[in-house]
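Colleague: I've got a new structure open and I'd like to talk it through with you. Can we take it one question at a time?

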Amino acid sequence: MLAGAIVIIVQAPRCKPIPEMNWWNEGLLYQISDVNAFSDNGLKGVEEKLDYLSQIKVKGLVLGPIHTVQAGQSSTLELTSINPEFGSESQLISLLDRAHRKGISIVLDLTPDYEGVSAWFINAATVAEQLKEACVYWLSKGVDGIFLSHLNDIANTEAWPSIQGIFNRTDGTKKTALMGSVTGLSVDDISVLLNRSGVDLLLTGLPDPAESGVKQAQEIQVLYSGHLQTSLGWSLSGRTLGSLASRTPAVPVKLFHTLLFTLPGTPVFKAGDEVGLKAGEKLEAMWDLESKAEDANTTAKTVQEERTAVRDFFKALSDLKGKERSLLHGEYYSLYSSPTSLAFLRLWDQSERFLVALNWGNDSVTMMLTNSDLPAEARVRATTDAENLAVDSKVSVEKLELGPKQAVLLSYPFPG
């Protein structure tokens, strides 16, 4: 009997070792570019909203920039000084302490000339030394990472290796992150930058929602096959890009929530994206959802219900991203692409598999999906089309029908 048990143990499939991951790979990052717009009380107000951020499963906050500078005047740049309009250093330290106790990391955006025309003034090299000093200073205060937009500008300077070197040091404690973003670069240029810069996470600005599904699938594949997914940040919004809902006005924002949460890498959202705020709509509208709109005001009530539904959808996806191994660090396989649609598979070892399908076109689409891992049918886990694809219902996978401007997230168990 003992011998039989030993044979069973030996023959049982071994679990694949979990890949090395860091805190910025464990869930969503949340950008608060204007702390005063996010809350009336600046940095103190951000601290007061940490419970809310915990509820939507935020793993890291990207704050600011909040340093002192006058637009276009490099002589006024003080990267280690917080603009009093946003708060004080003591308030930042208090925010850090409470955020860490809630498992939320804090990243400071140190893009120098954030109010000016050029993010790095005329020449990024002229502020490189200040940037190095600021990185050391803020990391010593407990900040978990530094974020730099228009990363290609500073990464092309001779000072870059010494800046990157600050983040390569380790003393056995929590790793700090060097993050950046770029916009308007081709996928090939982004690949070169990722290899050359060595940043821990790069927001690529891809896939571009204005491009066809075929090109989006190609760009995703190039980035996934050429780089560790732990270095890939997916974001379609931000300080320079604007809100997610405004970038994709013809498509429900929940469709792009689905895409960003399920791609191989880290989803990054701008404050307000979780409720579908558009350009010009104030962030305080998020907090209005906590108080019920008057029944007599039908317009306000409808808007509130719609935003609450969007937020609930966002929270459900965030929860799945944080706990499902296939979504966290699973392999990526492209299944289908057309000018207006996209489908792919995420799987990891013997864990639950996930199939993602999106159609941002004006017509329904039938996706003919083939992969040796696919079952005949799968369970709906999240959907924008509850009428035809209800959550927990089973649907055929071989010929997946998806209505116009709809997305669905399906799952099925390991077939072994």
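Modeller: Sure, and one definition before we start: Ala, Val, Leu, Ile, Met, Phe, Trp, Tyr, Cys and Pro count as nonpolar, Asp, Glu, Lys and Arg as charged, and the others, Gly among them, as polar. Keep in mind too that this is a predicted model.

Colleague: Okay, how do the residues lining the largest pocket divide into nonpolar, polar and charged?

Modeller: That pocket holds about 340 Å³ of space. Its lining has 19 residues, and Val253, Gly276, Lys278, Glu306 and Val310 are the closest to the centre. Sort the lining by type and you get nine nonpolar, four polar and six charged.

Colleague: Which element gives the largest share of that pocket's lining?

Modeller: Two elements each give two or more residues to the lining of the largest pocket: α12 (253–262) and α14 (298–323). The largest share is five residues, and the element they come from is α14.

Colleague: What about the second largest pocket: how many charged residues are in its lining?

Modeller: The second largest pocket has a volume of about 260 Å³. There are 18 residues around it, with Ala37, Lys270, Ala271, Glu281 and Leu283 nearest the centre. Six of the lining residues are nonpolar and five polar, and the charged ones number seven.

Colleague: Now the cavities. What is the volume of the largest one?

Modeller: Searching the whole structure turns up four cavities of 30 Å³ or more. The largest is lined by 21 residues, and those closest to its centre are Gln31, Phe147, Ser181, Arg239 and Thr240. By type, the lining splits into five nonpolar, 14 polar and two charged. As for the volume, it's about 220 Å³.

Colleague: Is Ala357 buried or exposed?

Modeller: Ala357 sits in strand β13 (residues 353–359). Even without counting residues up to four places away in sequence, Ala357 touches Leu342, Ala343, Met367, Leu400, Leu402, Gln406, Ala407 and Val408. Its relative accessible area is 0%, and the cut-off is under 20%, so Ala357 counts as buried.

Colleague: And Ser39, buried or exposed?

Modeller: Ser39 is in the loop between α2 (35–38) and α3 (42–48). Leaving out neighbours within four places in sequence, Ser39 is in contact with Gly45 and Val46. With a relative accessible area of 7%, Ser39 is buried.

Colleague: Last one: which residue stands opposite Glu331?

Modeller: Look at strands β11 (residues 331–338) and β12 (residues 341–347), which pair in the antiparallel sense over seven bridges. A hairpin links β11 to β12 through two residues. Opposite Glu331, in β12, stands Leu347.

Methods
Residues are numbered from 1 along each chain as its sequence is written. This is a predicted model: local features need pLDDT of at least 70, side-chain atom pairs count only at pLDDT 80 or more; totals for chains, interfaces and linings use all residues. Side-chain values use heavy atoms; hydrogens and water are left out. Two strands pair if DSSP finds at least two bridges between them. Helices (H or I, at least four residues) and strands (E, at least two) are DSSP runs, numbered from the N terminus. Buried means under 20% relative accessible area, exposed over 50%, partly exposed in between (1.4 Å probe, protein chains only). Contact means heavy atoms within 4.5 Å. On a 1 Å grid over the protein atoms alone, a cavity is a set of points where a 1.4 Å probe fits but cannot get out, and a pocket is an open set with protein on both sides within 12 Å along at least five of seven lines; lining residues have an atom within 4 Å of a point. Grid points are joined across faces, edges and corners, and a volume is the space filled by probe spheres set on the points.
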